[in-house]
Amino acid sequence: MSAALKLYNTLTRKEAEFRPIDPQNVRMYVCGPTVYDYAHIGNARPAIVFDVLYRLLRHVYGEAHVTYARNITDVDDKINARALRDHPGLPLNEAIRLVTEKTETQYHEDVRALGCLEPNIEPRATDNIPQMIEIIEKLIARGHAYVAGGEVLFDTKSMTDYGQLSKRPLDEQQAGARVAVDVHKKTPGDFVLWKLSSHNEPGWESPWGRGRPGWHIECSAMSGRYLGEVFDIHGGGLDLIFPHHENENAQSRCAHGTDVMANVWMHNGFVQVEGRKMSKSEGNFVTIYDLLHTEKFAGRQWPGEVLRLAMLMTHYREPIDFSVKRLEEAERLLSKWPTAEAGDAAPCDTVLAALSDDLNTVAAVQALHALAQEAQSDRTLLPVFAASADLLGVLPKPTEIDEAVAVEIDARVKARLELLKAKNFAEADKIRDTLSAEGIQLKDGKDPASGERVTTWEVKR
RNA sequence: GGCCUCGUGGCGGAGUGGUGACGCAGAGGACUGCAAAUCCUUGCACCCGAGUUCGAUUCUCGGCGAGGCCUCCA
């Protein structure tokens, strides 16, 4: 094993060597999508970033020794609103199911196109309602939650170190500055664990009546159920630090009586458009689907590999300005790389070392690019390149080409060389142009020994 | 008001107390019948001010600027 893995931890605001609780089972939880609408490219960032981490952990600890959970949030008031808007005629449950199923399927297609491996577990909130209720009961029993005004609320004052993650002492916040102070809350910072549902809202039976969970409780329930009371890594976007992760952390710790919920908390920076955060509420978002399948962005479609590489060209904690220029650069890099299949070779040390340094994908991509260039002249490096590229999930796969077609192309290339010998440039160029139009790029070179022209070809990328 | 990031050439981005990576784009050249590909060469930068220092882009302080969280949000 080479350099130790170092990760930046939001909890300590420091980089430190990663030490798993159990190297036989390294556990990571990442906040996944709320399935009410197409995911935008900003949502793609954590999927890609933590996919790289997942690949790295699998490399370091072995594929069988990493558990990656990414949830699907399928109960949320935005979903209800969308269901009512899109399917006004249907019963609510039916309408909600349509919205969540469709969005979830789309999300899976999108992230697959971005080269993301499937997590080991993708729990749904609605499959974990009893687990949520159980935690809430535990919190009430331990004096960390109370019932008021038809809601169960978490009592932030019951905890001496609420604010552990965001470093945000409760009393220094401007209470009521942004959120109206609820009269039934003991403290303005208290948040909902369970709320009652009206008959036209989805609900589940609970000790406090038919209702639905608050936003944060699902992650506590699911991470606890699938990864344990304390696990290794919890990830998500920067905006989740407060309140979402802070509150998850508070709930889980109080319910389980632990010092931390996860040892390492990692947060990715935003994707920006013209210097501003891309978000649904700002309305300045580009969906993954649109980028992949429509010509809405810069008048063309963009392959998933290009989007992925463009994302990895910036360190995950830095903001990314999403631009055509960076996509074009990513595409250009990819087109220069050899295609290969991942084999058993070990990845390049430089790439591995870069990734081990708090997921420095920028340095890793550069090392990979250098390796790609070396591999152009030294084919023995190809397996190492393939393994390294695969670690980042950006390995260009060879285009499947039919044997018969290949033979036919070879014949045309040969014919062109004959025409060139006869100095019939017009006909020779015609063959080149036709092949080009068919997506075949010819590459003329010179045999170093004989000085004869040799021509190779590849499928344009 | 509180709490966080960040400010390097056209772009993406390293890094260091002592002339300043690298990639992409640009420019020039080689090769070519012409292209493409490839190879070689190359211009361009460290937000401002003060301080520490023989010397700061790199350290300290102060500005200025940008962005984020404190409400749903990746």
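Visitor: Is cysteine 219 buried or exposed?
Guide: Buried means under 20% relative accessible area. In this predicted model, cysteine 219 has 2% relative accessibility. Because that value falls under the cut-off, cysteine 219 counts as buried.

Visitor: Nice. Which cysteine sulfur is nearest to that of cysteine 219, and how many disulfides does the whole structure have?
Guide: A disulfide needs two cysteine sulfur atoms within 2.5 Å. The nearest cysteine sulfur to cysteine 219 is that of cysteine 31, 4.0 Å away, and cysteine 219 is in no disulfide. Searching the whole structure gives a disulfide count of zero.

Visitor: And what about cysteine 254: is this residue buried or exposed?
Guide: Cysteine 254 is in no disulfide either, its nearest cysteine sulfur being that of cysteine 219, 17 Å away. With 7% relative accessibility, cysteine 254 counts as buried.

Visitor: Let's turn to the helices. How are α1 and α8 oriented to each other?
Guide: Helix α1 spans residues 41–61 and helix α8 residues 304–312, with their axes 10 Å apart. They pack at an angle of about 80°. Angles of 65 to 115 degrees count as roughly perpendicular, so α1 is to α8 roughly perpendicular.

Visitor: Which residues of α8 make that contact?
Guide: On the α1 side, the contact includes Ile41, Ala44 and Arg45. By class, the contact has six nonpolar, no polar and four charged residues. From α8 come Arg308, Met311 and Leu312.

Visitor: Finally, how far apart are the C-alpha centres of domain 1 and domain 2?
Guide: Happy to say! Chain A is divided into domain 1 (6–268) and domain 2 (403–459). The distance between their C-alpha centres is 58 Å.

Methods. Residues are numbered from 1 along each chain as its sequence is written. Chains are lettered from A and ligands numbered from 1 in the order in which they are written. This is a predicted model: local features need pLDDT of at least 70, side-chain atom pairs count only at pLDDT 80 or more; totals for chains, interfaces and linings use all residues. Side-chain values use heavy atoms; hydrogens and water are left out. Axes are lines fitted to C-alpha atoms, for helices over the stretch in contact, and angles run from 0 to 180 degrees between N-to-C directions. Helices (H or I, at least four residues) and strands (E, at least two) are DSSP runs, numbered from the N terminus. Angles under 35 degrees count as roughly parallel, over 145 as roughly antiparallel, 65 to 115 as roughly perpendicular and the rest as oblique. Contact means heavy atoms within 4.5 Å. Ala, Val, Leu, Ile, Met, Phe, Trp, Tyr, Cys and Pro count as nonpolar, Asp, Glu, Lys and Arg as charged, and the others, Gly among them, as polar. Buried means under 20% relative accessible area, exposed over 50%, partly exposed in between (1.4 Å probe, protein chains only). Domain bounds come from an automatic or database domain assignment.
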